[in-house]
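This report describes the architecture of one protein chain for a reader who is new to structural biology. Please consult the sequence and the three-dimensional view while reading.

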Amino acid sequence: MKLYGKESLVEILEDAAGENRLSHAVLLTGEKGSGRRTTAKFIAKQMMCGAVPCESCPVCSKIDADSHPDVIFVLQKCGGKYNIENMREIVSKGAAVKPNDGDVKVYIFENADEMSAAVQDTLLKNIEEPEPWNRFIFLCENSGSLLSTIRSRVTEYRIPECSPEECCECLVNEFSVDRAKARELSQTMSGNIGKCLEVLNGGDETKLMETARHAAAGIAKKSGYMVCAALAEQSGRKEYAGVLEYLAGILRDALAVRAGGELCSCGKAEARNIAKVYDEAAVTAMLDKIFEVNSVGSLNLNLALCSAYLTSGIII
Ligand SMILES: [Zn+2]
C-alpha cells in the first residue's frame, strides 16, 4: 500500500537501504493512527525484497496480507500483552532459528511503550549481538519510554504528519470512502488516517467523540452536571485525554463560528450552540483550562478531581 503523506520518510528510508545503511534495529515514533504499522511493513519489505520494494512479488504480497512467516508481530504473538515468558519463547529462542523463507526475519514490536523494563531487558542481548538474519522494528508514541540501552542501539525515524488532504486521498483511493465524507473526516481527525478508519469502523474513537459532544452540549446548556457526567464515563487516562482533545476541537469550532471560519470538529452543532451562549474571551478561557488540565492530567492526578476543576472553570 502507498504511504500517504510520508514521501519525505520513504525517500530517507530508500536512500538508507540503497546504500546498505538501514539498521538492523529501527524505531518508528508517531502518534496512534499515524501509520507506524504500515511504515514498519514497508521497512520489512525493504529488508526482504529490496531498497525500493516492488510491491508485487510473493514476499511483498505476503507482508501486505500479514501472512509472511518471517515477519513476526510480537505483541500479537504475546496475546496482546508483553510478558517475559512469551518474550523469551518468541524472541530469544525463536531468534536462534533461521528464517523459513528468505534471508531475514523481522520482529515488529507494536506499542513498544507498553514493554516493561524487565521485558525490554530480555531483548537486549538479541539487539546487541544479533544473529545475522534478525531485524527488529519498534513502534511507539514516544521513545522516552524505552530503556536507554535499547534506544542507543536503534535508528529512530519520526513518522511525518499527514495533511488532511493526503489523508482524504488515502481514504478515497485505498478504502473507497465517499469523497465528501472522507474530506470531512480527514479535517476532524487532522489527517490521522488510523483514527479516520477507526471512526469508519465504529471503533473506540467514535465513543470518545460522542463523549466530547455530550460534554460540549453540557457547556452550551451551562450544565456543570452534564459536563462532569460525560467526562466521568472515561476510565482511562488516555481516553480522558482523547475526549479533552475532541472537546478542544469543538471549542475551536465555536471560535470559528464567531469569526465566520470553516468548522471541522466532530461536534459542529454543539459548537454553534456554544457560540450563541459564550463570547470569544469565554471560549478562549475554556480552551486554556482544557490545556491546563490535560497537562496536569498526564501527571497522574485523580481524573474525577480533574473533571471537577475543569467544570468549575468552564461553566461560567
Ligand atoms: Zn517485492
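In this predicted model, helix H2, formed by residues 36-48, lies across strands E1, E2, E3 and E4. Strand E3 covers residues 105-109. With respect to strand E4, helix H2 runs at about 165°.

**The sheet**

The strands crossed by helix H2 belong to an open sheet of 5 strands, whose order is E2-E3-E4-E1-E5. The pairing in this sheet is parallel. Which strands form the edges of the sheet? They are strand E2 (71-73) and strand E5 (155-158), each of which pairs on one side only. On average, and with direction ignored, neighbouring strands are turned by 20° against each other.

One pair of strands may be examined in detail. Strand E1, residues 25-29, pairs in the parallel sense with strand E4, residues 134-140, and 5 bridges connect the two. Within this pair, Ala-25 stands opposite Phe-136 of strand E4.

**The contact of two helices**

Two packed helices are described by the angle between their axes and the distance between the axes. Helix H10 comprises residues 193-200, and helix H11 comprises residues 204-220. Their axes come within 6 Å and cross at roughly 85°. Because angles of 65 to 115 degrees count as roughly perpendicular, helix H10 is roughly perpendicular to helix H11. The following table names the residues that make the contact.

| Helix | Range | Residues in the contact |
|---|---|---|
| H10 | residues 193-200 | Lys-195, Glu-198 and Val-199 |
| H11 | residues 204-220 | Asp-204, Glu-205 and Thr-206 |

What is the chemical character of the residues in this contact? They divide into 1 nonpolar, 1 polar and 4 charged residues.

**The chain as a whole**

The protein chain contains 16 helices and 5 strands. Its C-alpha atoms fill a box of roughly 65 × 40 × 30 Å, taken along the principal axes. Of the 316 residues in the chain, 38% count as buried. A residue is placed in this class if 20 or more other C-beta atoms lie within 10 Å of its own.

Contacts may also be considered by separation in sequence. Among contacts between residues at least 6 apart in sequence, 68% join residues that are at least 24 apart.

The domain assignment divides out two regions: domain 1, residues 7-158, and domain 2, residues 203-314. Taken over C-alpha atoms, the centres of domain 1 and domain 2 are separated by 37 Å.

Note on methods: Residues numbered from 1 in each chain as written. Predicted model: local features only at pLDDT ≥ 70, side-chain atom pairs only at ≥ 80, totals over all residues. Axes fitted to C-alpha atoms, helices over the stretch in contact; angles between N-to-C directions. Helix = DSSP H or I, 4+ residues; strand = E, 2+ residues; numbered from the N terminus. Parallel < 35°, antiparallel > 145°, perpendicular 65-115°, else oblique. Contact = placed C-beta atoms within 7 Å. Nonpolar A, V, L, I, M, F, W, Y, C, P; charged D, E, K, R; others polar. Pairing = 2+ DSSP bridges. Buried ≥ 20, exposed ≤ 12 C-beta atoms within 10 Å, placed from the backbone. Domains from an automatic or database assignment.
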